[in-house]
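Student: I would like a close look at one part of this model, taken slowly and with its surroundings included. Could you walk me through it in one connected answer?

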Amino acid sequence: MALLLRTFARQGVCVSRSQYTVFYRHAAPMGTTAKEEMNKFWAKNAQLNRPMSPHITIYKWSVPMMMSITHRGTGVGLSGAISAVALAALVLPGSYPYYLDMIHSLYLGPCLIALAKFGIAFPVSFHTLNGVRHLYWDIGKGFKIPQVYKTGYTVIGLSILTSAALMFI
Amino acid sequence: MIIMAAVARLSCVCRRGIKPLLYQSTLLPRALVASHKYQDHPYMLTARIHASQALNASSGSKAASLHWTAERAVSVLLLAMGPVAYFNPGPFIDYSLAAALTLHGHWGLGQVLTDYVHGDTKIKIANAGLFLLSTVTFAGLCYFNYNDVGICKAVALLWSK
């Protein structure tokens, strides 16, 4: 863990002998937690109306970065869709088959229906497969950069394939 | 290392004024010597650290760690529910899916809020809103399972078009 080192010339409580440096003989815990320090950082900078430094607008995008935000995006999107369906179930008067028949009667055409199926299947399969990749990381494996890219491309490829396959069912 | 030496130097200045600093020519070895001179004031060179949950011996809350594990457990459970829902549809899997999906979504959105929402009041409001959303979602899905066709049948019907 990174230790936030600050030196104060004042009487402190001797808690432990730090083994990381020869310069400090004692380590005294700060009164605040890291969470509080973070909140203080945000409060101070927001209060001073400081602009945020450019970050995502200037940093070079990479495949792992894009996959990560896509994982988050599909997660939020799917969660939103599920909440919308649940809310609709509570609010709308008719039953599910009723509304499905209503959509059927629009005669959307096979192309549009297939596209819609792909549009639903892709976020589900990408989020699921990338989720497996996350679990793989959680057991401590696959962190080397070539592995990250290999598993990443595998997830992308499999997602497209599964979505395409599901499109035709 | 240099930062530490510089900070040690600063403490030197704070305590004894600027003159001793001017007499110290090199950085690292001098700082070592300097610290030994403070035998008489052992409390002076004190590193202020964050006592994290793990290091704090008096109270240790494993809440965050358990939450992490629970998140992964629900994820694995949800993965397993997929094939079961396909091969064995029915009310049991419908309600299990409703619970697992809502919980996984609730915790996932919670992480998103933790990442992007800052400020004590804003965090409280956002989390309250999320809790409300998740409750309504679970209620709606259960209602759907009870009064309508249910999740598995709904997906099957949707795909049959």
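Tutor: What follows is a close look at helix 5 of chain B and its surroundings. Please keep in mind throughout that this is a predicted model.

It helps to place the helix within its chain before turning to single residues. Chain B has seven helices and one strand, and along the sequence these elements follow the order α-α-α-β-α-α-α-α. Of the 161 residues in chain B, 32% count as buried, and the accessible surface of the chain comes to about 10,100 Å², with 70% of that area belonging to carbon and sulfur atoms. Among the contacts in chain B with a separation of 6 or more, 52% are accounted for by residues 24 or more positions apart.

Helix 5 of chain B covers residues 91–116, and one of its partners is helix 6 of chain B, which covers residues 120–147. The axes of these two helices come within 10 Å and cross at roughly 165°. Because angles over 145 degrees count as roughly antiparallel, helix 5 of chain B is described as roughly antiparallel to helix 6 of chain B. Their crossing is right-handed. On the side of helix 5 of chain B, the residues making this contact include B:D94, B:Y95, B:A98, B:A99 and B:T102, and further along B:H106, B:L109, B:G110 and B:L113. From helix 6 of chain B, the contributors include B:A126, B:L130, B:F131, B:F138, B:L141 and B:Y146.

Two residues of helix 5 of chain B deserve individual attention, and B:H104 is a good place to begin. The UniProt record, an unreviewed entry, lists B:H104 under "binding site". In the model B:H104 is partly exposed, with a relative accessible area of 28%. Leaving aside neighbours within four places in sequence, B:H104 is in contact with B:V74, B:S75 and B:L78, and also with A:H127 of chain A.

From B:H104 one can step across to B:S75, which lies in helix 4 of chain B, residues 63–87. B:S75 has a relative accessible area of 17%, and because buried means under 20%, B:S75 counts as buried. Not counting residues up to four places away in sequence, B:S75 touches B:H104 and A:L135, so that B:S75, like B:H104, has a contact in chain A. For a sense of distance, the C-alpha atoms of B:S75 and B:W159 are 24 Å apart in space, while the two residues are 84 residues apart in sequence.

The second residue to consider is B:Y116, which is also placed in helix 5 of chain B. The unreviewed UniProt entry gives the feature "binding site" at B:Y116 as well. B:Y116 has 52% relative accessibility, and because exposed means over 50%, B:Y116 counts as exposed. With neighbours within four places in sequence left aside, B:Y116 is in contact with A:I69 and A:R72 of chain A.

Taken together, helix 5 of chain B has contacts with helix 6 of chain B, with residues such as B:S75 through B:H104, and with chain A through B:H104 and B:Y116.

Definitions and conventions
Residues numbered from 1 in each chain as written. Chains lettered and ligands numbered in written order. Predicted model: local features only at pLDDT ≥ 70, side-chain atom pairs only at ≥ 80, totals over all residues. Heavy atoms only, no water. Helix = DSSP H or I, 4+ residues; strand = E, 2+ residues; numbered from the N terminus. Buried < 20%, exposed > 50% of the residue type's maximum accessible area, 1.4 Å probe, protein only. Contact = heavy atoms within 4.5 Å. Areas by Shrake-Rupley, 256 points an atom, 1.4 Å probe, with all protein chains shown as cover. UniProt positions renumbered as here; feature names shortened; annotations may be inferred. Axes fitted to C-alpha atoms, helices over the stretch in contact; angles between N-to-C directions. Parallel < 35°, antiparallel > 145°, perpendicular 65-115°, else oblique. Left-handed = near helix turned anticlockwise from the far one by under 90°.
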